[in-house]
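Hi,

Here is the structure I promised to pass on. Have a look at it first, and then read my notes below.

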Amino acid sequence: MANRFHNYIGGEWVAGADWAPNRNPSDLQDVIGEYAQADAAQANAAIAAASAAFRQWSVSSVQDRSSILDKAGSDILARREEIGRLLAREEGKTLPEAIGETVRAGHIFKFFAGEALRLSGEKLPSVRPGVDVEITREPLGVVGLITPWNFPIAIPAWKIAPALAFGNTVVFKPAQWTPGCAFALAEILAAAGLPPGVFNLVAGSGSVVGEAIVSHPSVAGISFTGSVATGRAIARKAIDRMARIQLEMGSKNPLVVLDDADVGTAVNVAVQGAYYSTGQRCTASSRLIVTGGIHDRFVAALTEKLRTLRVDNALAPGTEIGPVVEQPQLDQDLDYIGQREGARLVAGGERLDRATEGYYLSPALFVDATNDMRISREEIFGPVACVIRADGYDDALTLANDTDTGLSAGIVTTSLKHASHFKRHAEAGMVMVNLPTAGVDYHVPFGGRKGSSYGPREQGRYAAEFYTTVKTAYVAP
Ligand code: NAD
């Protein structure tokens with residue numbers, strides 16, 4: 001029988017109400033383990049444990065919090081190869097990408113170990129003589145953290161670390177397709193010295209465990225990353241009971257390529273942004289908006305490059321693109337690839353056979369797309385991009401902004417004038433100049449505009465906006 005991994009509730013490892021296998025998308029015969037599936041009662045038990053732990057943890061010493069987070073970060077970094085391998089095995093991104101994500105998670109914990117010591121307030125003179133005004137930040141309470149499958153250790157890290165750093169207690173529900181990293185993280189946090197109940201892991205379905213967290217009156221805040229549709233549904237329920245929410249969702253990110261760009265740079269930026277991590281990134285550049293003077297050269301060079309990319313087992317040395325994560329995601333990718341709507345498929349989009357049975361798909365490129373086609377408007381979340389021809393910079397900017405979402409936007413150009421203008425006028429939370437739309441630092445804010453994000457930004461110093469609440473105190477000494 002495969003190894004069984006338990007939920008972590010109130011400082012105890014607890015068997016699931018049910019169990020689910022975690023399969024390797026590079027090799028469907030490889031079952032990583034059986035993972036506990038909580039039911040609503042276990043989710044409620046985790047919330048009760050987090051509520052009970054809050055009183056003490058919220059006033060715990062910042063040195064204790066900092067030391068625990070620092071130890072968790074060190075342990076993640078020390079186990080980077082092992083956890084990276086687990087990540088690649090369960091999610092399908094390549095081993096170097098998976099180790100990179102694990103290192104990032106370790107750095108995030110260490111960053112917030114420092115932030116725990118740096119949380120500051122303000123002291124001002126009052127407009128009334130003899131009175132002082134103090135503004136301080138206090139923890140929110142129990143926070144529910146709900147995460148997607150595509151960054152199974154970095155996204156949990158960038159929610160859990162600030163939550164704990166600022167004195168909140170946590171109920172964490174990972175995505176069902178990638179529970180392995182969540183259990184590894186729980187193991188590390190359990191060993192780092194957290195008092196029982198401060199951190200709880202309840203894996204299971206969104207409709208049972210997720211719903212229980214979102215609707216529970218003791219959960220003061222919900223930080224969610226996932227699809228737009230789920231985010232909207234969560235927002236409605238949470239607002240109904242006035243819970244604080246932070247939503248990071250999908251996007252249809254543009255990469256603009258201007259006539260004056262270096263073709264080699266443009267192709268590298270497009271390949272990395274659109275296809276690495278199998279295109280399964282919220283920041284992926286799935287719309288390549290290219291001006292007329294470079295269009296044909298760019299398409300020819302990109303098509304050529306896509307043919308050479310090595311799609312194979314995520315753990316195999318030299319693999320550049322791993323498999324799609326799961327059958328439903330593969331079906332969704334193939335469904336979009338099948339809908340031409342007048343665009344021409346010039347590369348990829350085919351199922352591939354490899355030494356082991358897996359969800360392999362060759363990177364697909366559409367040309368002659370227009371911005372009103374479904375492939376240009378809806379997030380596919382696979383190794384699929386479309387090229388949209390633009391009539392100069394102004395048209396390219398208009399097309400880039402003509403979307404319901406706005407997480408990341410990129411431009412490849414040698415013109416300072418256009419780069420500066422784009423930086424100011426792109427309707428996105430993050431702008432990249434001569435860099436892929438995906439790939440960000442861990443110490444600065446992350447988030448988007450329009451349908452992509454709702455609520456305060458994640459990461460960096462800005463994380464305190466969600467995980468703390470402000471108090472204004474008036475003191476007459
Ligand atoms: P998803 O919305 O299907 O699921 C996300 C999480 O929500 C999972 O843990 C799921 O179990 C849970 N969930 C589902 N229904 C729920 C409900 N009714 N109540 C509470 N929780 C529920 O998303 P996914 O398929 O796991 O992830 C892919 C999506 O995530 C893409 O749209 C991608 O763009 C987005 N994403 C966004 C960011 C970002 O920071 N903006 C980062 C990574 C991924």
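**Around the ligand**

An oxygen atom of the ligand lies 2.7 Å from a polar backbone atom of T147. Keep in mind as you read that this is a predicted model.

The backbone of M249 comes in as well: one of its polar atoms is 2.7 Å from a nitrogen atom of the ligand. With E379 the side chain is involved, since an N or O atom there is 2.5 Å from an oxygen atom of the ligand. How much of the ligand does the protein bury? On its own the ligand exposes 860 Å², and 87% of that is buried by the protein.

As for where to look, the ligand sits in the largest pocket. Three elements give two or more residues each to the shell around the ligand: α7 (206-215), β11 (219-225) and α8 (228-240). Of these, α7 gives the most, with 3 residues.

In total, 26 residues surround the ligand. T147, M249 and E379 are among the closest, and so are S227 and T230. What kinds of residues make up that shell? There are 13 nonpolar ones, 9 polar ones and 4 charged ones.

**Two residues with a positive phi**

Next, a pair of backbone oddities. Most residues other than glycine have a negative phi. T278 is not a glycine, yet its phi is positive, at about 60°. You can find T278 in the loop between α9 (263-275) and β14 (287-291). Is T278 buried or exposed? Its relative accessible area is 1%, under the 20% cut-off, so T278 counts as buried.

F381 is the other one: it has a positive phi of about 70° and is not a glycine either. Its place is the loop between α12 (374-377) and β17 (384-390). F381 has a relative accessible area of 15%, and because buried means under 20%, F381 is buried too.

**Three more loop residues**

I also went through a few other loop positions, and they make a handy tour of the chain.

Start with S120, in the loop between α4 (95-118) and β6 (122-125). S120 has a relative accessible area of 53%, which is over 50%, so it is exposed. If you want a landmark for S120, try T136: the two are 16 residues apart along the chain, and their C-alpha atoms are separated by 7.1 Å.

T413 belongs to the loop between β19 (408-412) and α14 (416-425). With a relative accessible area of 4%, T413 is buried. What does the side chain of T413 have beside it? One of its polar atoms lies 3.0 Å from the backbone nitrogen of S415.

Last comes G455, in the loop between β22 (453-454) and α15 (464-467). Its relative accessibility is 40%, which falls between the 20% and 50% cut-offs, so G455 counts as partly exposed. Which residue should you look for alongside G455? Try R244: the two are 211 residues apart along the chain, but their C-alpha atoms are separated by 8.4 Å.

**Where to begin**

If you only have a few minutes, I would start at the ligand in the largest pocket, with T147, M249 and E379 on screen. After that, go to T278 and F381 for the positive phi values.

Cheers

Definitions and conventions. Residues numbered from 1 in each chain as written. Predicted model: local features only at pLDDT ≥ 70, side-chain atom pairs only at ≥ 80, totals over all residues. Heavy atoms only, no water. Near = heavy atom within 4 Å. Polar contact = N/O pair within 3.5 Å; in protein donor to acceptor, adjacent residues only side chain to side chain. Areas by Shrake-Rupley, 256 points an atom, 1.4 Å probe, with all protein chains shown as cover. 1 Å grid on protein atoms, 1.4 Å probe; cavity = no way out; pocket = protein on both sides within 12 Å on 5 of 7 lines; lining within 4 Å. Sits in = over half its atoms within 2 Å of the grid points. Helix = DSSP H or I, 4+ residues; strand = E, 2+ residues; numbered from the N terminus. Nonpolar A, V, L, I, M, F, W, Y, C, P; charged D, E, K, R; others polar. Buried < 20%, exposed > 50% of the residue type's maximum accessible area, 1.4 Å probe, protein only.
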